Amino acid sequence: MDKSNARPVTILTGFLGAGKTTFLNALMKSYPQKRYAIIENEIGQLNVDSFLLSENYGQLVPLQEGCICCTLNDEFYSSLELLYQRQDSFDELIIECTGLAMPAAIMEPFTTHPIFKDLFPLKKIICLVDAVLIEDQIKERDEVLRQITAADVVIINKADDVHPTYLKSLYDYLAHLNPLAKTLYSKGKKEFPFEIIENIMYTKKSETFSFLKNPTSNHATIIGQSSLGKPHLNDISTRIYTFVEEFNFINLFLGLSKLVGKYTNRIYRVKGIGYKRDNDKKIIIQAVGSRVDMDYGNQWKANEAKINTMVFIGKELDSLSIEDLLLQMLANHPQK
C-alpha cells in the first residue's frame, strides 16, 4: 500500500467539559498551514460543538447516532471510507470523542483493522483533564480512568484555576497513574504546548520505557501508586514485569487475551516489548480494554540488552497472579 496516501489519526478524549473544542481551535490556529479533517462524536441530534469550531479544517464529519465507542457502527466506517476518498482535501484526521467515550473501541479500526490501520495510522491519543474537577470525576466515573490510562499525552487543562501546590500533586498523580504517557499543563485558558505534543507518537512506535531503570529478570516492580491523599484512589497502580528468557508469543497472545478479556474492569492498559532470538526486530505488545495487539517494531540496537518487559496499569493487580501467568508463557516453561 502506498504510505503517501495515509492520513495520520489523533484521538482526542476527555471527560465532559474538559476543553476539547477549545483545544481543537487552538491547534488549528497554531498550524494554519495544516488541513485537519475532524470526526466529531456528539450524542444527540444537535451537535453544538460543531458550531464552536473555527473553519480551518478540510472536512468535518459529525456523528450523532450515539457514542462511537459503544458500537463501531456503519456510519463510522462509512465516514472513514468517505474521508479516504477525499484524502486530497486534508492532511491529518482528528476524532473528537464524546466526553463519555471509552478509547479502547475507538482505537480498534486504526490499530487492528486490516485496511484502515494502513490508511489511517494512529498517531497519538490525547486526553484533556479539567484541573478543577478531575479528582471528583476519577472517583465517580470509570470512563475518566480509561481515558487517562489509554493516552499518550495527558494535558492538565485550566491549570490556572487551582492552587500551585495542588497542581503539583495532581501532576504527580497523573504521571504515576499513566507512566507511559507524557503529562503536560496548559497555560492560561487557550495556550497548549503544541511543539511538545506534536513530537509525541502513539506508544506502539515509542519503544522505550523512560521510567524503567536497570531492569532485572523475573521480577515485579511497583511504580505509579499515588493517591492525592484520597483513600478511594489508592488502588490504582502500575506493575512492571521483566524477563530475560524468551516468550512463546503465541501462548503469550492467548494468555493475555484471556486475562484482559476477563478483567477489563481491573486492567486498564498493558504495554510490552519482547524479543525473539531468530529476529532482530522488537515485538511491541499493546492492550487497551479487551483487545491484545502484537506487531514488529524497530530493530534492537547493537548495545541494547534483549529483555522482555511488560507494564500493567490497573487496580488490585496483585491478586490477579500476573507474574505467574507470564512465567507460564515463557518459551521453555512446560505446558500443562
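Here is a short chat about the buried parts, strand pairing and salt bridges of this predicted model.

Me: What makes Lys 34 count as buried?

Reply: Lys 34 has 15% relative accessibility. The cut-off for buried is under 20%, so Lys 34 counts as buried.

Me: And why is Glu 198 called partly exposed?

Reply: The relative accessibility of Glu 198 is 22%. Partly exposed lies between the buried limit of 20% and the exposed limit of 50%, so Glu 198 counts as partly exposed.

Me: How do you know that Lys 34 forms a salt bridge with Glu 198?

Reply: Look at the closest N and O atoms of Lys 34 and Glu 198, which are 3.1 Å apart. A salt bridge needs such a pair within 4 Å, so this contact qualifies.

Me: What makes that a link between distant parts of the chain?

Reply: Lys 34 sits in the loop between helix H1 and S2, while Glu 198 belongs to helix H9. The two residues are 164 residues apart.

Me: Why is the contact of Glu 108 with Arg 291 called a salt bridge?

Reply: Their side chains meet at 3.6 Å, N to O. With the cut-off at 4 Å, the pair therefore counts as a salt bridge. It also links distant parts of the chain: Glu 108 is in helix H4 and Arg 291 in strand S12, 183 residues apart.

Me: Are these two partners buried or partly exposed, and what makes them so?

Reply: Glu 108 has a relative accessible area of 24%, and Arg 291 has 41% relative accessibility. Partly exposed runs between 20% and 50%, so Glu 108 is partly exposed, and Arg 291 is partly exposed too.

Me: How do you know that Asp 130 and Lys 158 form a salt bridge?

Reply: The closest N and O atoms of Asp 130 and Lys 158 are 3.0 Å apart, and the limit is 4 Å, so the pair passes. Asp 130 lies in strand S5, and Lys 158 in the loop between strand S6 and helix H8, 28 residues apart. Asp 130, at 4% relative accessibility, counts as buried, whereas Lys 158, at 23%, is partly exposed.

Me: Which residues do salt bridges with shared partners join into one network?

Reply: That network consists of Lys 34, Glu 92, Lys 123 and Glu 198. In total, the structure holds 14 salt bridges.

Me: Why is strand S10 called largely enclosed?

Reply: Of the 10 residues in S10, which spans residues 267-276, 9 are buried, so the rest of the structure largely encloses this strand.

Me: How do you know that S10 pairs with S13 and S11?

Reply: Pairing takes at least two bridges. S10 and S13 share 6 bridges in the antiparallel sense, with Arg 269 partnered by Ile 313. S10 and S11 run antiparallel and are joined by 7 bridges, Lys 276 being the bridge partner of Asn 279. Both counts reach the cut-off, so both pairings hold. S10 and S11 also form a hairpin, with 2 residues between them.

Me: Which residues touch the most other members of the largest nonpolar core?

Reply: Those are Ile 11, Leu 80, Leu 93, Ile 95, Phe 110 and Phe 120, in a core of 24 residues. Helix H3 gives the most to this core, with 4 residues. Another core, of 23 residues, lies apart from it and includes Val 260 and Leu 320.

Note on methods
Residues numbered from 1 in each chain as written. Predicted model: local features only at pLDDT ≥ 70, side-chain atom pairs only at ≥ 80, totals over all residues. Heavy atoms only, no water. Core = buried A, V, L, I, M, F, W, Y, C linked by side-chain atoms within 4.5 Å. Buried < 20%, exposed > 50% of the residue type's maximum accessible area, 1.4 Å probe, protein only.
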